[in-house]
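Trainee: Could you walk me through how the labels on this model are reached? I would like to see the reasoning behind each one.

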Amino acid sequence: MTGGLWRDALRRLAADRAAITGLVVLGLLTMAALAGPLLVDWRQDQIDWEHMAVPPFAVEGHWLGTDRLGRDLLVRTLHGLRVSLAIALAATLVALVIGVAWGALAGYLRGRTDALMMRFVDVLYALPLVFFVIILTVVFGRGPVTLLVAIGAFGWLTMARIVRGQALSLREREFVEAAIVGGAGTARIVVRHIVPNLLGPVIVYATLTVPQVILVESFLSFLGIGIQEPLASLGNLIADGAREMETAPWMLAVPAGCLVLLVFAFNFLGDGLRDALDPRDR
Amino acid sequence: MLAFIARRLLVAIPTLAVVVALSFALTRAAPGGPFDEEQALPPEIRANLEAAYGLDQPAHRQFVRYVAGLLRGDFGPSFRFRDFTVTELIAGGLPVSLTIGLAALTLALAVGIPLGAGAALARGRFLDRLVMGLAVAGISVPVFVIAPFFALVFGIWLRWLPVAGWEPGRATDLVLPVATLALPVIAYVARLTRGSLLEVLRAPWIRAARARGLPQRAVLLRHALPAALLPVVSYLGPAAAAVLAGSLVVETIFGLPGIGRHLVQGALNRDYTLVMGMVIVYAVFMILLNLLADLAYAWLDPRIRHGRRA
């Protein structure tokens, strides 16, 4: 993988307005999630007894209003954003590691091992996976760690398929042959020669996985089996807001808007990266 | 064709076996049991309860018993809804869930395919950009945001449709839930159709059809569209999964008496048999839709239809 290819990709990406907008929005959201809570005077579980369920901009200090219990919505949304982002990135990493290892190995070994490994992926593919994630999270304690393990454990299938396809063609290349002739073992070839050359599609697919994971996490938290009160996540904030939407629509609008913006940004960036790294696919 | 169906159904058996085994293992490996309550039961009562439901037996014996029941079409008794079998609970809600699920899928195909095809034909022009914008929105805005939003706008502000509720035979109850479920699938289907139709229109056999002097309509409807629909057909399985997951949310928000609530509530209550029954029903639904997709695929693809590869 020469520097030229990456530089070309970077130039194509820089010319893609939607992708750059996505990148900027993501940067801003990440900064807000990390630093934002420090800049607001309220803690996420702190109750302002004077101001319960105030709409946005109505009271000094509560920019985006408060919820039914008088908790500042801006702080809670920023915390929710932080939790959702952290879980999404961690779960994507879990999925990435399993998927790349599984796919690269299957593609490199070929033959019966490959057939067996991919058959296993096919069977899992046909299952209603979301429901297994639900069972896992409910049954093994509702918390951030269970959540990310459960999502990661079922999220690696597509990654494994993509990586296997690439690995199958990579292993026929001269540099792999050279490594075999040079006496390198299977593990070394897969780690040093196959995986680095998979980076392009892996980056693209990982970027497109993150928003899906964010949606699954929020979905579970919305159902009440993900992140639990008083900890905020975008999903449980939206669930709260949906219950109060008749009288306090901002409680729904603020976290929902934040979630949609986040997912939009990731999808735009992912699409842009795909076009930049794989220009054939147009 | 019959042999094809039989073979696909045969392939479904190991998948179902994995579903049963995995859900059994997951529920049994969990800490806590169905009879853990706030107030601990007296040990004798607890022992009697566990004996009555067969929970005092070793796990492999329970598994054999459960599978034997399944083969007779018996999902076993619910651990939490006393006096109800899982079969009764599921049968009670299935018609509602099935109605909204299938209606949403049908709507998604009926709207998504023409939208995508229209966008492909108007490539780069206003319609294309509009459809693609809507498609990205549909993929990025989850069902649990659309549902309360629709309820708020059409139910509370505009008062066009009921916010929630269900009366048998009242079709207006179904409009919002079905539209909510269909929207993300419409977006995806439109995107897929557009992409693959653009690719197909560049194929040499389309140029050949044009060269033979066929009118644009015939080229499009008879030659291009069937081929362009193949990826859409493959998407039917994942689409079904999305609709099923969405129905959990939609049934809650719009207060529909479907089977969606049984899954989450059952898992929370450690109602093993109910949860497993639900997962099996969902898996069967997905397998059937995948079979349907395979059949449609075979029918659309002349290479398979004419038996060169079955």
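Mentor: Happy to. Let's start with confidence: pLDDT is the predictor's confidence in each residue, from 0 to 100. This is a predicted model, and chain B averages a pLDDT of 83, with 95% of the residues at 70 or above.

Trainee: Where in chain B is confidence lowest, and where is it highest?

Mentor: The low end is helix α14 (residues 302-305) of chain B, with a mean of 68, while helix α4 (residues 86-121) of chain B tops the chain at 90. For the model, ipTM is 0.79 and pTM is 0.82.

Trainee: Why are α7(B) and α9(B) called oblique to each other?

Mentor: Helix α7 (residues 172-201) of chain B packs on helix α9 (residues 216-228) of chain B at about 125°, with axes 8 Å apart. Roughly perpendicular covers 65 to 115 degrees and roughly antiparallel needs over 145, so α7(B) and α9(B) are oblique. Their crossing is right-handed.

Trainee: What makes up the contact of α7(B) with α9(B), by class?

Mentor: Ser196(B), Leu197(B), Val200(B) and Leu201(B) of α7(B) meet residues of α9(B), including Leu220(B) and Ala224(B). By class, that contact has eight nonpolar, one polar and no charged residues.

Trainee: Which handedness does the crossing of α3(A) and α6(A) have?

Mentor: Right-handed. The axes of helix α3 (residues 73-109) of chain A and helix α6 (residues 144-154) of chain A come within 8 Å and cross at roughly 40°. Among the residues in contact are Ile87(A) and Val94(A) from α3(A), and Leu147(A) and Gly152(A) from α6(A). The tally is 11 nonpolar, one polar and no charged residues; Gly counts as polar.

Definitions and conventions: Residues numbered from 1 in each chain as written. Chains lettered and ligands numbered in written order. Predicted model: local features only at pLDDT ≥ 70, side-chain atom pairs only at ≥ 80, totals over all residues. Heavy atoms only, no water. Axes fitted to C-alpha atoms, helices over the stretch in contact; angles between N-to-C directions. Helix = DSSP H or I, 4+ residues; strand = E, 2+ residues; numbered from the N terminus. Parallel < 35°, antiparallel > 145°, perpendicular 65-115°, else oblique. Left-handed = near helix turned anticlockwise from the far one by under 90°. Contact = heavy atoms within 4.5 Å.
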